[in-house]
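Biologist: Could you take me through one part of this protein slowly? I'd like a close look at a single helix and whatever it helps to build.

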Amino acid sequence: MSTLAGHQPQSTRWPLVFLAIFAGASGALCLGKVPAVLGILRSELGLTLVEASYLASAFNTLAILCSLFLGLLLTRWSGRQTGVVGLLVIVTGGALALPATGLAMMLLSRIVEGIGFLLISVAMPAFIVAVTREEDKRLALSLWTVNLPLGAAAGMLLTPWLTAQGGWRLAWLLLMIPQLSVLLLLLASRSADGLRVWAPQNSINSGHPLRQLTVLRQLTLWRYGLAFMLYSLMLWALFVWLPTMLQGSPGIGQNQIALLSALAVVANIPGNLMGAWLLRRGVARDRLICWALSLMALCGMLAFWPGLSPWWAYGLCLVLSLSGGMAPPAILSSAQGVSQGPVQLAIVQGFFVQLANLGQLLGPLLLAALMTDNGQWGSARWLFLGGLLLAIGLYLWRRQPIGGQEPN
C-alpha cells in the first residue's frame, strides 16, 4: 500500500520518540499497580474474590471492546493531542480511587484509567510516525514496544514498596507524578503538531470516518494480529501463574516471589530491543515472529515439564519472556507499512491491542483449566504445545496483502 504523502520531517526527532515511549510506560504503570497489591485492596475495601477479579480484568475488557474504535479520534485530533487527552483521563482515573471505600468507586477509577491508557496506546504510534523520517519509522515503532513491559514491571515493583511506606493511596498518588510529568512535556512539544506525515490524497482518507476501517481487510494484518494474540496468551498465562508456581519452593519467600515475578516481566524488555535490532539488520519479519513464538512455546513446554526443579523452571520462564519479546517489534512495526494515514495507523494499533488483550484474558484461563486439583503443573505444558503448533501454522499461512507486498 502507499503510505506516505505530504510533509515529512527532514530528520528524526529522537527525544520526542523517547517521550512517546515514556508516555506509554507511564500509562502502563496502571497495569502493574493493581495486581501487585490486590490482596491489600481486598482486605481494606472488603472485596470478595470475584469483585477483586473485576478490578484485575477491567483493562482487558475495555481494550477488547473499545481499542479498535478509539483510533477514529485521530480524524479530529493529532497523535500528540490524543495522547494529552489520554494522560489527563488516566490521571483523573487515578484521582478517583483516592476517596474510594468500596468496589464502585475503585471500578470506576479503573475504567477511567483504562480509557486513558488505551488513548495513549493508539495515539503515541501516530505521534512517533509524525516525528520520524521514513528511514527510521520501522525502528522507532519497534522501540515503542518497550513501553508496556517497562511500565508494567515498574508498577509491579514500585507499588508494593510505596504501599508499605504509607498505604496504597500514597502509591496511587505518587505514581501520578510520571504521568503528570510526561503530560507537561507533551504539552511543551506543541510544535510536533505542525508535522503532517500523511495528506488526504485519496478517497480512503476522506468521507465518513468509518471508511478508515477498510484497512482491516488485509489478510496479512489478521495474521499478525493473531500472532500478537498468541504471544500475549502464552506470556500472560506465565505472568499470572508464575507467583503461584513459585510458592512453596524451597528458599523462596514472599518478597522473593514478587521480585522474581517482576524480573520475568523485565526480561521481556531486552527481547524487545533484540527484536528491533534484528529487524534493523534485515531479518525477515515473518521469520522473526515464528522464531520468537516457537521459542516461547518450547520454553513453556519445558518449564512445566513434570519433575523439573523450580529454579530450572524459573530460568526457562525468563528465557520465554526474553525470546517472546522479539515478536512485538516485528508485529507492531508492520502497522506503518499497511496504513494510509495516522487514523489507519491508530486503528491498526488498536486492533493489535484488542487481540493482545483477548490473549491476556484467555491465557491464564486456559492454563488454569489444564492444571490439576492436586497442584501439579505438568498438564500446563499442553497449552504451550498448542502454541507451538499455532506458531508454525501462522508461519505457513503467509499470504500477500492487498497491494502485493509485505509491509516493510
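Modeller: Let's start with a term: a pocket here is an open set of grid points where a 1.4 Å probe fits, with protein on both sides within 12 Å along at least five of seven lines. Keep in mind that this is a predicted model. The largest pocket comes out at about 1500 Å³. It is lined by 43 residues, and those closest to its centre are P35, A36, L38, F239 and V240.

So which helix do we zoom in on? I'd pick α10, since the largest share of that lining, nine residues, comes from α10. Other helices pitch in too: α1 (14–36), α2 (38–45), α3 (49–70), α7, α9 (219–246) and α16 (342–370) are among those that each supply at least two lining residues.

Now for the surface. α10 (254–266) also turns up in a nonpolar patch, again with at least two residues, as does α7 (147–166). The patch is made of L157, L158, L259, L263 and V266, and together they have about 400 Å² of accessible area. Here too α10 gives the most, with three residues.

One of the patch residues deserves a stop of its own: L259, which sits in helix α10. Its relative accessible area is 53%, so L259 counts as exposed, the cut-off for that being over 50%.

To recap, α10 gives the biggest share of the pocket lining and the most residues to the nonpolar patch.

Conventions:
Residues numbered from 1 in each chain as written. Predicted model: local features only at pLDDT ≥ 70, side-chain atom pairs only at ≥ 80, totals over all residues. Heavy atoms only, no water. Patch = residues over 30% accessible without salt bridge, like charges linked within 9 Å, V, L, I, M, F, W, Y side chains within 5 Å. Areas by Shrake-Rupley, 256 points an atom, 1.4 Å probe, with all protein chains shown as cover. Salt bridge = Lys/Arg side-chain N within 4 Å of Asp/Glu carboxyl O. Helix = DSSP H or I, 4+ residues; strand = E, 2+ residues; numbered from the N terminus. Buried < 20%, exposed > 50% of the residue type's maximum accessible area, 1.4 Å probe, protein only. 1 Å grid on protein atoms, 1.4 Å probe; cavity = no way out; pocket = protein on both sides within 12 Å on 5 of 7 lines; lining within 4 Å. Points joined across faces, edges and corners; volume = space filled by probe spheres on them.
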